[in-house]
Structures are given as structure tokens and as C-alpha cells.
Amino acid sequence: MATLPSIRISGLGKPSEAVAVIFAEKENKLSDQAVDMVGGDAAFIERAAKISEFEGKKSSFLDVIAPEDSAVDRVIVVGLGDAAELEESDWRNLGGELVGKLKSLKIEKAELRFDAPDASAETLAAFAQGGFLRGYVFDAYKTTKKEEENNADWALSLTIQCGFEAEAAAAWKEAEAVAGGVLLARELVDLPPNALGPVEFAQKAVDLGALGVETEVLDVEQMEKLGMHALLGVGQGSRRPSRLAIMKWNGGKDGDTPIAFVGKGVVFDTGGISLKPGAGMEDMKGDMGGAAAVIGLMHALAARKAPVNVIGVLGLVENMPDGNAQRPGDIVTSMSGQTIEILNTDAEGRLVLADAIWYTQDRFKPSFIIDLATLTGACLVALGTHRAGLFSNDDELAERIHKAGEFTDEKVWRLPLGKEYDKMIDTPNADMRNTGGSRFAGATTAAQFLQRFTNETTWAHLDVAGTAMGSNKNAISQGWASGFGVRLLDKLVKDHYENS
Ligand code: BES
Ligand code: MN
Ligand code: ZN
């Protein structure tokens, strides 16, 4: 992986690096601490600001070469705008923007004085996390590295000075643990499908053993014994055998009811016999974005030693057309005993989740299940790339997820479930069919299908087809793989489900 920024927290003191970074509020207001950072006389900054019409607006930057007698050689001023108005996500974005700026200026070492109204350990940690996340570039397959903003060999070391060092260091440690989970999720989504099959993906879950996560991996034979013919039917056209990975993080008390997360891990989705068109098919390497978020979340929770018992289940398959692939018209029996008529082999994610969700509720009796899946193009049509679709049989859980998403800036929007929609997946030939039979309400009919496998467990489904992959570049991400869901679910768990 790319060289990530190294971010260190320190107490207040004289700058030890030649490049100082300070904040300015709107109208270019510098705090006493900012002035202190540059050596006690900030007249040269005021002058430079005037000449370049820098006004301290949010996300604006001023880059000044310091006079000879200054404590530093160069000063970067970061505009905060109305600092008292900044929310945690603004701080995260500002951190990302600063790292982008330092990188474009080819600065390798810098020292920042973190001083602003309402500055706290939490805002500092969010800022640092944004900077860290911005540093991720998928360059594992670049044998020659170009000198551009994306240049991943560029190693930034950023020291952040503040007057609350101990709290800030503790908060950053947690935020860095969570960021590690986000980057794991991004990397898995970015990896090419030839490198990441179901077996390799399951190994990534096993690798979390280093953080204290226990993983079991079920192979095809074991899943056959359990009757998981919905999941196995999807993988039967692939040369690469399916897997179910079951991760456990036991950070809570022994015997405490766990919470559970289930991810769609289709390592590549050709559509199967209902083959997708060729254009853009390469994007379907990201059809394991739900599973990537679940493994990223497990990483985050374990790395910050969250006091909660959590189960993470990944349904790992490849959907290929082949002489042995399943056909439209096939009827399979799921682990739940319910039969499914396959109308379209490209509606495979729900088949994988049907068995993964049933297995999870049956074995662990969790207090809730949240599944994440790049499930439907229809969800993308409805919500675009800015919000994930949320479906739930529980208003309280839905509300909590919504709020966590607003806070972490991984937004969701609730879409309906209902009896009327449920009827759309009935068929005369089996207990249900795997598509709604028309283009109408495609995200809902898929969710409705999943609901039939929850056995009335408290449940929410996040359709991340538009948010986990193909994402736009922004302050904290270079684009395509976003790691969507990791920070949101970490926040949800932290706010509501941890032992104090
Ligand atoms: N993996 C796709 C959904 C998808 C589409 C994810 C675009 C990300 C971007 C899923 O398996 C799929 O093919 N769904 C079909 C369902 C249909 C056949 C009922 C779809 O959305 O077209
Ligand atoms: Mn598909
Ligand atoms: Zn798919």
C-alpha cells in the first residue's frame, strides 16, 4: 500500500520543523497561539494575506515564505472561516485538504498548531483522520510512479501541537484505528478480481487474528451440509470455490448478546448466464464492497478494542457464466428451507445474503443484523452516489443509522418495505423468485427478498451500490473505493452498543 502520512501529537512548543501550519478564522483573524508559532511577529503573514487577498475563508490556503529572522522558513495558513460553526466532518475534510495541499507543495515535514475556538481532542482527531485518509492511493500495481499529486512514495510527517496533548493522543489513536479499517475496505474494493477471489478474501478475514478477531471459514462442503444452496448456486459457475467467513470480536462481557454485520462479497459479478453488457463490467470487481465494509468495521472495532461482542459474516462467491453455472428457471432451496426460483442470475447478491443472513440469526441470535451490499442498480438510480439506501424493520435502528451517517458524512436515506412490494417476488413455481419481474421498485423488492431470511430479527439493510465504489474524489479520498460504511457503523456501535 501507499506510504501513508505519519501523524504525531505533541504539546505546545517552539516549532521543530521548517514548515509551520497555522489556522486563520474569517477576516484573516490569527490567534495568539498562531502568532506564537511563527515567532511572535505575524506582520509578514498579514502583509502576504493582503497582497494575495486571503481572507481566512473555509478551505482556503495561504503559503508564505517567512522572513529571515522568523522561527520557521515557511508558513501555511489554513482558512477555517467561521470556526465556531465547524462540525466534525468539516474538520475531517480540512485535514484532508491540508494533506492534499502539503503534498502538492512537496512538503515532507510540517508542524501544525491546532488552535481554534471549540478545538477539542475530538475535532483534532477528526482533522488528523481526514489527513490520514487522504494519503491513501491504490498503487500496488504501479511499477513506475509518476510525479503527480498521487505520487504515493511521498511520505508526509505531520506533527500536531495542542494544549491538550494526552486527550488528543488518545482520541487520535482511536480515530487512526478506525481509519485503518476504512483503508482496508478501500484496498479490498480496489484490488483486481484476479488477485482477490473468495479464498483470498477469506484469508484477509483470518489475517485479522493479529488484532484478536477470531475467524472461521466454511468451505463448499461445509456449506452444502448446512443446505446453503442459494449461496452455492451463485458460485457454482466459477472455477474459484465459494467461502463463508465468520469473524468474531469478543470485546464485550462473556455471554453478552452480540450484534451482527453481514456483507455481500461477490468478488466479481459478470451477471452469470444473464450476462451483463461488456461496457463498464470491470467495475464489478467492487461487488464485494459490502463485505469490505464489514471486514473494515471488524478491523476498526478490534483495533480500538471496542467493548462489545460483534459478529461479522462475509458471503464470498464469484458469479460467472459457465457450463456448470446456474440457469434462469432453476429452483434452489435455501438454508432456511424456503425455495427460490432464479429468474435472473444477475440478481445474485440477494441469494448470497439469503443464506448468510439466515445462518447469522440461526447460529448467533444477535440483537440485530445489519447487512451491507452493492445490491441494485435501482438504488443508484434512486439516490445517486451521495446516499446509500436504508431499509429496516425497526424504526429505532433505522433512526440511529441515519444519525450516525449524518455525523460521519456517510449519508443514507430510508426507502420503504411493505406487503405490496413483498407480493412482487411471489411466483407460482416456488416460495419466491429472485427479481420483482419489472424495473419498478428494484431496490425495495431486493430488500423485501432479504427480509424473508431475517426470521424477524431486528434488521437493517444498506444498499451501497452507489456509495462503496465508483465514488467521486473528495477531500478525504482519491476516489473510486470509498470505504463507505466503516466510519458510520463504528460510530453507531460506539454511540449505542458498547458497555461503559
Ligand atoms: N452488483 C449488481 C448491482 C450493482 C449495479 C452494483 C451497479 C453496483 C453498481 C447486482 O448484482 C445486480 O446485477 N443487480 C441487478 C438486479 C436485477 C437483475 C434485478 C441490477 O441492479 O440490475
Ligand atoms: Mn448481479
Ligand atoms: Zn452483484
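Before you click anything, one term: a residue is buried if its relative accessible area is under 20%, exposed if over 50%, and partly exposed in between, using a 1.4 Å probe and protein chains only. You're looking at a predicted model, where local features need pLDDT of at least 70, side-chain atom pairs count only at pLDDT 80 or more, and totals for chains, interfaces and linings use all residues. Residues are numbered from 1 along each chain as its sequence is written, chains are lettered from A and ligands numbered from 1 in the order in which they are written, and side-chain values use heavy atoms, with hydrogens and water left out.

**Stop 1: a pair of rings**

Select Phe132 and Trp172. Phe132 is buried, and so is Trp172. Rings of Phe, Tyr and Trp (its six-membered ring) pair if their centres lie within 6.5 Å; planes under 30 degrees apart are stacked, over 60 edge-to-face, and the rest tilted. The structure holds 11 aromatic pairs. In this one, the ring centres are 6.0 Å apart and the planes meet at 70 degrees, so the pair is edge-to-face. Phe132 belongs to helix α4 (residues 121-134) and Trp172 to helix α5 (residues 165-190), so the pair links parts of the chain 40 residues apart. Helices here are DSSP runs of H or I with at least four residues, strands are runs of E with at least two, and both are numbered from the N terminus.

Now jump to Phe449 and Phe453. Their ring centres are 5.3 Å apart with planes at 35 degrees, so this pair is tilted. Phe449 is buried, at 0% relative accessible area, and Phe453 is buried at 0% too. For a group of rings, pick Phe23, Trp91, Phe114 and Phe127, which form one aromatic cluster.

**Stop 2: the metals**

Show ligand 3, the zinc ion. Its donors (N, O and S atoms within 2.8 Å of the metal, or 3.2 Å for Na, K and Ca; water is not among the atoms, so sites may look incomplete) come from Lys264 (NZ), Asp269 (OD), Asp287 (OD) and Glu348 (OE), at 2.0 to 2.4 Å. The 6 donor atoms around the zinc ion subtend angles of 78 to 175 degrees, which makes the arrangement octahedral. Six donors earn that name if opposite donors are over 155 degrees apart and all others between 65 and 115; four are square planar by the same angles, or tetrahedral if all angles lie between 85 and 135 degrees, and anything else is irregular.

Next, ligand 2, the manganese ion. Which residues supply its protein donors? They are Asp269 (OD), Asp346 (O and OD) and Glu348 (OE), lying 2.0 to 2.2 Å from the manganese ion. Around this metal, the 6 donor atoms subtend angles of 70 to 167 degrees, which makes the arrangement irregular. The two ions are 3.2 Å apart, and Asp269 coordinates both. Colour the donors by accessibility: Lys264 is buried at 1%, Asp269 is buried at 3%, Glu348 is buried at 1%, and Asp346 is partly exposed at 21%.

**Stop 3: a helix**

Select α9, residues 289-303. Its 15 residues should span 21 Å (1.5 Å times one less than the number of residues), and its end C-alpha atoms are 21 Å apart, which agrees. Of those 15 residues, 14 are buried, so α9 is largely enclosed by the rest of the structure. Just past α9, look at Lys305, whose phi is positive, near 50 degrees.
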